[in-house]
Amino acid sequence: LLKALKGSLAPTDPPTDTHLAHSRTLRARSLCRGLVFTSLDGRRMLLSGQAVARNGSKVVARVGSAAAKSSRPSSHLRIRTKAAASKDLFCVGQESLGDGSTLFRFSEEKPPEPVAAVEEPAPAAVEETPPAPAPAAVKEAPPAPKKEEEKPAPKKMAPPPAKGFGSKTPEQTAIQPAVIIGAGRVGEALASMGGGKDVVLRRGDPFPADAPAGPIIVCTRNDVLEQVVHGIPPGRWGDLVFLQNGVLQPWLEKKGLQKCTQMLAYFAVAKLGDPVTDGKTELNPEGLTSITGKWGEAVAQRLHAQNLSCHVLSKEDYAVRMFEKLIWICSFMVVGASHGGCTVGEVCQEHRSQLSEVISELAGVCSATQGVTFGPHLTERLCSYGMSVAHFPTAVKEFEWRNGFFYNISENAIASGKDDPAPLHSELLKAMNVLA
């Protein structure tokens, strides 16, 4: 059905175009030839042509003044046209208006393509030509996974050391010049680390007035310490660094030197001019050499520059390390010497039971008299260090500073009516005639 829609044409429309507007519903099943409509000026107009078909065929309208009576006068179209003669007009489109009516557009020129006609009663909007389909997207092959750029292998670097421990090269660290007293194995080794800026003195050499203002490292035996100290201007005593083994604290306090720098040298030099062997073990791979005091950092840097370990410790932590080394040297030397001066390695391997008993005695003395608490596995750790210097011979030396410290405590305990806190240690010393 054709649905009539309300509307009218403006008088200024082009004369070649004619618009048809339905004023009410046209109930004819088709737009038939010979149907008469009334024009705006009262004339009757004849509309002839094909019916609107589903296949979109054209509607050809002849508009003229020929009068004919409509078979259905109640249904009419009002046509306004300026054409004087009959013409064949072609329906070229339709347009929906804002008021709900539909305008049909006719033209004298035949359109290039047929206009699709609509059979449905509702005013169909002009079928818009669908936009040209976008070209099918070419399915791109998935991009090949990006090959990771080959990065240069990172430079291997040693892990950052703890404070006062690690290794640095001489180019990285400015070594503090020092005065080194003692030209033996240890003194010469330390001087070789200074880059030629150190002053090395033998025992008895006068202290130079132009000595560098840095640490004064004493690498002599304990029994000459008194002579060495009095050969140094008192104003420089605060720069002293003591490397001696044994218990130095009572003597240092007596001389007013208790605040001086002290060092536990766990590195070893087999003979003069040999390279230094660091005191690293399986149980202490970080190394055992330790230092405390004013010049601790400067001396530690000297060792670090040669890839040697050195821990800078507080005075309290240093005391524990000092007593551990005291126990090591006293126990190994007394056991080894009592077996003919065998090597340190032989003490570990052949006399382990006796060695463990002496270590236990001496550790108990330190804990009872000095309030020192040792870490676990003390015997195992001391034996581990012993095997790192397994070729060293054994002998009881510097008795006053080493084994004498423990023997005096035993003697005092016995004198006061108590049991000897280190009976095996005392028995071994007496058997060697080192107490005279």
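**Figure 1. The largest pocket and its lining.** Helix α5 supplies the largest share of the lining of the largest pocket, four residues. This is a predicted model. The pocket has a volume of about 1,100 Å³. Its lining holds 34 residues, and those closest to the pocket centre are R185, V186, N245, F392 and R402. Two helices, α1 (185–192) and α5, each provide at least two lining residues. Sorted by class, the lining has 18 nonpolar, nine polar and seven charged residues.

**Figure 2. The chain as a whole.** The protein chain has 10 helices and 14 strands. Of its 436 residues, 42% are buried. Now take the contacts between residues at least 6 apart in sequence: 61% of them join residues at least 24 apart.

**Figure 3. Where confidence is low.** The mean pLDDT of the protein chain is 75. A value of 70 or more is reached by 60% of the residues. Over residues 1–86, pLDDT stays under 50. The model still has 178 contacts beyond four places in sequence for that stretch. In residues 145–171 the pLDDT is also below 50. Here the model has 27 contacts beyond near neighbours in sequence.

**Figure 4. The largest nonpolar core.** Which residues touch the most other members of this core? They are F323, I327, W328, F332, F374 and F406, out of 44 residues in the core. Six helices give two or more residues each: α5 (315–337), α6 (344–350), α7 (352–370), α8, α9 (403–415) and α10 (423–431). Helix α5 gives the most, with 12 residues. In soluble globular proteins, nonpolar side chains tend to be buried together.

**Figure 5. F332 and the residues it touches.** F332 is one of the core residues that touch the most other members. Leave aside residues up to four places away in sequence. F332 then touches V344, V347, C348, L355, L382, C383, G386 and T394.

**Figure 6. The second largest cavity.** The whole structure contains five cavities of 30 Å³ or more. The second largest has a volume of about 50 Å³. Its lining is made of Y266, N284, L288, E324, R381, L382 and Y385. Helix α8 (residues 378–388) gives the largest share, three residues. By class, the lining has four nonpolar residues, one polar and two charged. L382 appears in this lining and is also touched by F332.

**Figure 7. Helix α1 and its packing.** Which residues of α1 are buried? They are G187, A189, L190 and A191. These buried residues pack against three strands, β8 (179–181), β9 (199–201) and β10 (216–218), and against helix α4 (296–304). Helix α1 also supplies at least two residues of the lining of the largest pocket.

**Figure 8. I291 in strand β13.** I291 lies in strand β13 (residues 290–292). Is I291 buried or exposed? Its relative accessible area is 0%, under the 20% cut-off, so I291 counts as buried. I291 has many partners beyond four places in sequence: T261, Q262, M263, G296, V299, C310, H311, V312, L313 and Y318. A265 and I291 are 26 residues apart in sequence, and their C-alpha atoms are 8.4 Å apart in space.

**Figure 9. S426 in helix α10.** S426 is found in helix α10. Why does S426 count as buried? Its relative accessible area is 3%, and buried means under 20%. Beyond residues up to four places away in sequence, S426 touches Y407, S410 and D420.

**Figure 10. Two loop residues with positive phi.** Most residues other than glycine have a negative phi. N307 has a positive phi, near 60 degrees. N307 sits in the loop between α4 and β14 (311–312). H377 has a positive phi too, near 60 degrees. The place of H377 is the loop between α7 and α8. H377 has a relative accessible area of 56%, over the 50% cut-off, so H377 counts as exposed.

Terms used:
Residues are numbered from 1 along each chain as its sequence is written. This is a predicted model: local features need pLDDT of at least 70, side-chain atom pairs count only at pLDDT 80 or more; totals for chains, interfaces and linings use all residues. Side-chain values use heavy atoms; hydrogens and water are left out. On a 1 Å grid over the protein atoms alone, a cavity is a set of points where a 1.4 Å probe fits but cannot get out, and a pocket is an open set with protein on both sides within 12 Å along at least five of seven lines; lining residues have an atom within 4 Å of a point. Grid points are joined across faces, edges and corners, and a volume is the space filled by probe spheres set on the points. Ala, Val, Leu, Ile, Met, Phe, Trp, Tyr, Cys and Pro count as nonpolar, Asp, Glu, Lys and Arg as charged, and the others, Gly among them, as polar. A nonpolar core is a set of buried Ala, Val, Leu, Ile, Met, Phe, Trp, Tyr and Cys residues joined through side-chain atoms within 4.5 Å. Buried means under 20% relative accessible area, exposed over 50%, partly exposed in between (1.4 Å probe, protein chains only). Contact means heavy atoms within 4.5 Å. pLDDT is the predictor's confidence in each residue, from 0 to 100.
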